[in-house]
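Q: Please take a close look at one chain of this model, beginning with a turn and going on to what surrounds it and where the chain meets its neighbour.

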Amino acid sequence: MELIEGVLSYLGSEAFLLGAVNTIKLTLVSQIVAVVLGFIIALAKMSRWKPLQGLAASYIWIFRGIPVLVQLIFVYNALPQFGIKLSGFQSAFVALALNEAAYMAEIVRSGLASVGKGQHRAAHALGMNNWQRMRYVVLPQAFRVIVPPTANQFIGMLKTSAMASVVGYTDLLLTAQQTASANFDYIDTLIAAVIYYLAFTALFTFVQSYLERRMDTTRTKKRQPKLFSGLKNREPNRIV
Amino acid sequence: MLQIKQVSKKYHGEPILKDVSLEIKEGERVVIIGPSGSGKSTLLRCMAGLESIDGGLILYNGQDVNGSRHSRSEIGMVFQSFDLFQHLSAIQNIMLAPKVVKRVSDQDARSRAVQLLERVRLSDRAEHYPEQLSGGQQQRIAIARALAMNPKLMLFDEPTSALDPEMTSEVLDVIVDLVKDGMTVVIVTHEMEFARRVGDRIIFMDQGKVVEDLPSSQLEEAAKHPRLKQFLNQITSY
């Protein structure tokens with residue numbers, strides 16, 4: 001009972017609420033910027049201009065190849081020697097977004113590549129310019145491939161964001177550690193942090209399945225009534 | 001209407017079109033035949049401004065098709081593989097280009113699409129998605145989609161070669177209707193019966209060149225070129 005009471009008191013405490021808000025803030029900002037950067041890098045990698053392709057490939061190689069923690073510490077501790085001094089939040093945001101962009105680039109690229117050549121050609125033949133072709137033909141189809149793994153990346157980012165605690169950003173983990181260092185109550189404080197993490201993961205998972213279902217609607221649900229409505233209505237009756 | 005002047009094109013160093021010159025006049029119904037690899041589909045795509053050319057010039061009413069989007073919107077194209085937009089229903093496929101390219105209102109685009117669906121005899125399939133439609137239905141929607149831009153010239157790239165025989169005729173009927181209405185068409189096809197029925201001019205291509213260019217009525221008699229004779233024998237012997 002004491003454990004539950006302890007955990008509950010931490011969960012509702014101002015420090016933990018702030019930690020939770022900070023974790024979410026860092027996660028969302030980093031991931032959203034990573035998605036945008038990922039698009040740019042993916043387009044660069046798919047461009048016909050070789051130097052641009054090479055640049056994109058090098059980016060992916062470097063940022064995917066170095067441990068995130070190393071990148072984070074580099075941004076926080078090494079950049080100041082070049083005169084770039086960033087706060088804990090800024091360092092974490094820069095490191096996490098740049099790192100994640102490399103992964104997003106690959107996800108976006110596979111999504112764009114999943115749209116067949118014929119779709120591009122047909123749009124072109126109808127007089128659409130590059131932007132219109134992208135906006136109305138390619139992206140809506142690519143999104144179906146891009147969204148599910150991107151939602152996974154959001155969940156991954158939520159957990160990776162805990163690294164920000166090493167550069168002094170008061171996220172959930174640092175909040176738990178700081179609280180515990182005052183009263184040695186590691187169990188209760190960490191459990192409180194864990195509950196927040198699991199709750200956020202559950203929330204993201206829910207959003208993910210909602211998005212997947214919604215994308216499915218435009219594709220299959222509308223048609224299902226026409227194709228399978230007879231079947232659907234009959235089946236329960238048959239079982240009874 | 002369309003002038004093709006000494007066009008050449010290479011693909012990975014391989015010449016596909018060698019110094020092709022042609023002129024297509026308004027109201028003409030041109031059928032291009034030839035063995036596979038003869039460059040006929042490539043020529044058609046170049047006419048539509050979909051492929052760059054390495055030499056020569058293609059002019060639509062005096063304008064370079066490669067430079068101007070205006071000419072491209074007056075040239076409609078239908079592909080062998082239909083290429084309907086997979087994420088859109090039949091009617092949305094037809095409405096998209098008028099809406100985004102010509103900025104036609106949703107209402108106007110829709111009423112035009114309804115007319116076109118009727119014209120290709122698919123009014124009952126308006127809300128269906130491409131994967132719910134048969135090949136022949138998809139191709140008819142693709143024709144309606146191209147017509148929605150009010151093209152002056154329609155290019156058909158082997159419109160029936162991906163279709164079962166019983167679906168072929170439903171697509172050909174739609175094309176015959178179009179031709180009756182006076183549309184200028186260029187059709188690449190293997191259907192010789194159809195070629196004779198629809199075309200008033202037949203062009204035979206081989207190895208990237210135009211080797212014969214004659215009125216369809218004289219196809220057999222005038223076939224001088226041994227390669228064309230051989231080709232006609234081959235496809236009619238089946």
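**A hairpin and a contact in chain B**

A: S1(B) and S2(B) form a hairpin with two residues between them, and B:His12, which lies in this turn, has a positive phi of about 50°. The model is predicted, so local features need pLDDT of at least 70 and side-chain atom pairs pLDDT 80 or more, while totals for chains, interfaces and linings use all residues. Residues are numbered from 1 along each chain as its sequence is written, chains are lettered from A and ligands numbered from 1 in the order written, and side-chain values use heavy atoms, without hydrogens or water.

Strand S1 (residues 2-11) and strand S2 (residues 14-24) of chain B run antiparallel and are joined by seven bridges (strands are DSSP runs of at least two E residues; pairing needs at least two DSSP bridges). Within this pairing, B:Ile4 has B:Leu22 of S2(B) as its bridge partner. S1(B) also pairs with strand S4 (residues 55-60) of chain B, again in the antiparallel sense, over five bridges, and here B:Gln3 is matched with B:Leu59.

Chain B also meets chain A, in a contact that takes 27 residues from chain B and 24 residues from chain A (heavy atoms within 4.5 Å). About 2,300 Å² is buried between them, and carbon and sulfur atoms give 56% of that area (the accessible area, with a 1.4 Å probe, lost on being put together, summed over both). B:Phe85, B:His87 and B:Tyr129 supply 24% of the area that chain B buries against chain A, more than any other three residues. One salt bridge is counted between the chains (a Lys or Arg side-chain nitrogen within 4 Å of an Asp or Glu carboxyl oxygen), and in it the side chains of B:Asp83 and A:Arg121 meet at 2.9 Å, N to O.

How values were computed: Helix = DSSP H or I, 4+ residues; strand = E, 2+ residues; numbered from the N terminus. Buried area = accessible area lost by both parts, 1.4 Å probe.
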